[in-house]
Protein chains: 2
Amino acid sequence: MGSGSRLGKFDGIRRGEDGQLVGAPPSTASIRDAIRRDIIALKLKPGTRVSENELAARFGTSRTPVREALLGLVDQGLIAVLPQRGTYITYISLKGVRRARFLRLALEVAIFRSAAEQGLSRAMLGAAEDVIDEQVAAEADPERFTRADDAFHRLFADGIGMGDLWTVLEQEKAQFDRIRFLSLPNVTPIDTLIGQHRAMLEAVRTRDPMAAEEAVKIHLSEVLKVTFELAERHPDLIIDDLDAPQSP
Amino acid sequence: MGSGSRLGKFDGIRRGEDGQLVGAPPSTASIRDAIRRDIIALKLKPGTRVSENELAARFGTSRTPVREALLGLVDQGLIAVLPQRGTYITYISLKGVRRARFLRLALEVAIFRSAAEQGLSRAMLGAAEDVIDEQVAAEADPERFTRADDAFHRLFADGIGMGDLWTVLEQEKAQFDRIRFLSLPNVTPIDTLIGQHRAMLEAVRTRDPMAAEEAVKIHLSEVLKVTFELAERHPDLIIDDLDAPQSP
DNA sequence: GGTCGCAAACTTGCATACTAGTTTTCTACA
DNA sequence: TGTAGAAAACTAGTATGCAAGTTTGCGACC
């Protein structure tokens, strides 16, 4: 396909399907990230069939790196491969969302309690202030606010030396991220969320673990309030696979 | 299983390196599991270089399924691939263990508190009793005890409808499992552990979330007490990283 | 004997060809 | 026109070959 091999001047030069020059040979990792972004941003809608050949053509590579990328996304529950039949974008699973919600609540509680117990450095607390300021500034831009929101939560994980916890949990986070993307426009008033962030920070500053836990729980229950509403509004994207009747 | 399809009396029949007949053509998933087991059981020691070609020969396939299997293990942090240089079994990372420990504590606390809050069915409580009995019976057999220990913890996750939480977190669990395998023989007296299990169960039965949380914390701090001792005893398997990368 | 350098023997990454299975389409026949 | 059936056009899974880079080891030269 697209590149001369021995005439070294053009080594590694590739062209997209529109003839435009494409800089680098996207390897497995970058292909996986690109596809992942498309799925989370719902550019690839649940139920859609994607073809290894199509993707290979799109990225200007052979099927091999694409396959390896897809394999990782299977582990993250974002796609499902039916042998000899096709590769499909999975529907958002309410069960998965519930699980991710439980996981996130448990972790955030542990992180903020731990932070409140052992205390954070003045620098960390200052950085948290700054991030909240950024959130105020980003009030009108949902995507920018989301980034600042992520930064806020990650900051406290960093503060107790667990900075890479969330990166390691990309897998479960993926379940969440699609829902979060859906709820980008129509959420709880951002004022409310910022106020909750302030309460969480204050609890950590005053070294009050119980208050920190309470603040986190309030915050997350707010964030997750929208989930079921979204499920009703987007039945084409979400599958209601909640089976268990919860408890006696 | 391996039966001829057209005339091929030997179609699909494969032989291991010792000439023994091997039933099925191991596909990506089973290859990944097999390698994973070997790593966790320390048959493949940290720092060892494994070759895609070797593994392909061992499983009687080409490099392709092996590569795809290894890719999954990279995500689990069990192996590291240095392009053009080799594929290595990672050392047990104290950082990773600490992270996994934090994660597990946070989750178990959340699970048992939740179970204590909403209560479990009589059947579940009975099953928990049975598992504890099994643990008593398995006192002399570490591996059997470990299985019963897993079952105990999983039971409560099931009880609150979060049964698949840990299967989803295989990734992080892997960090733990190698340590746990190391500590199989020489742990805390099993009596102590069983007593702690009883305390946890009792707290759930009496619907006392705070007591449940306390019991879980005591239990896990006991389990993790051995970690650092193990690190000193097995410097060849464990790397004391608090920010350093691994190298062979 | 010691050291530098090149070549051969590795390694993984990627592309391609082929296999087996499924779906779709088109044709032949009623 | 309607339907059955075969063939063609897909799918993913696997094997293989080549490319690019690293390590190793041997040999020539000092």
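The following paragraphs describe the symmetry, the nonpolar cores and the DNA-facing surface of a predicted model. Local features require pLDDT of at least 70 and side-chain atom pairs count only at pLDDT 80 or more, whereas totals for chains, interfaces and linings use all residues. Residues are numbered from 1 along each chain as its sequence is written, with chains lettered from A and ligands numbered from 1 in the order in which they are written.

A turn of 180° with a shift of 0.0 Å along the axis lays chain A on chain B with an RMSD of 0.2 Å, the superposition being by least squares on C-alpha atoms of residues with pLDDT of at least 70 in both copies. The two copies are therefore related as by a two-fold rotation axis. Within chain A, A106(A) comes closest to this axis, its C-alpha lying at 2.9 Å.

A106(A) also figures in the largest nonpolar core, which has 76 residues: together with F112(A), A106(B) and F112(B), A106(A) touches the most other members. Such a core is a set of buried Ala, Val, Leu, Ile, Met, Phe, Trp, Tyr and Cys residues joined through C-beta atoms within 7 Å; buried denotes 20 or more other C-beta atoms within 10 Å of a residue's own, with C-beta atoms placed from the backbone.

Turning to the DNA, 19 residues surround strand D, and S51(A), T87(A), S27(B), T61(B) and S62(B) come nearest; the criterion is a C-beta atom, placed from the backbone, within 6 Å of the strand. The residues of this surface comprise three nonpolar, twelve polar and four charged, where Asp, Glu, Lys and Arg count as charged, Ala, Val, Leu, Ile, Met, Phe, Trp, Tyr, Cys and Pro as nonpolar, and the others, Gly among them, as polar.

Definitions and conventions. Buried ≥ 20, exposed ≤ 12 C-beta atoms within 10 Å, placed from the backbone.
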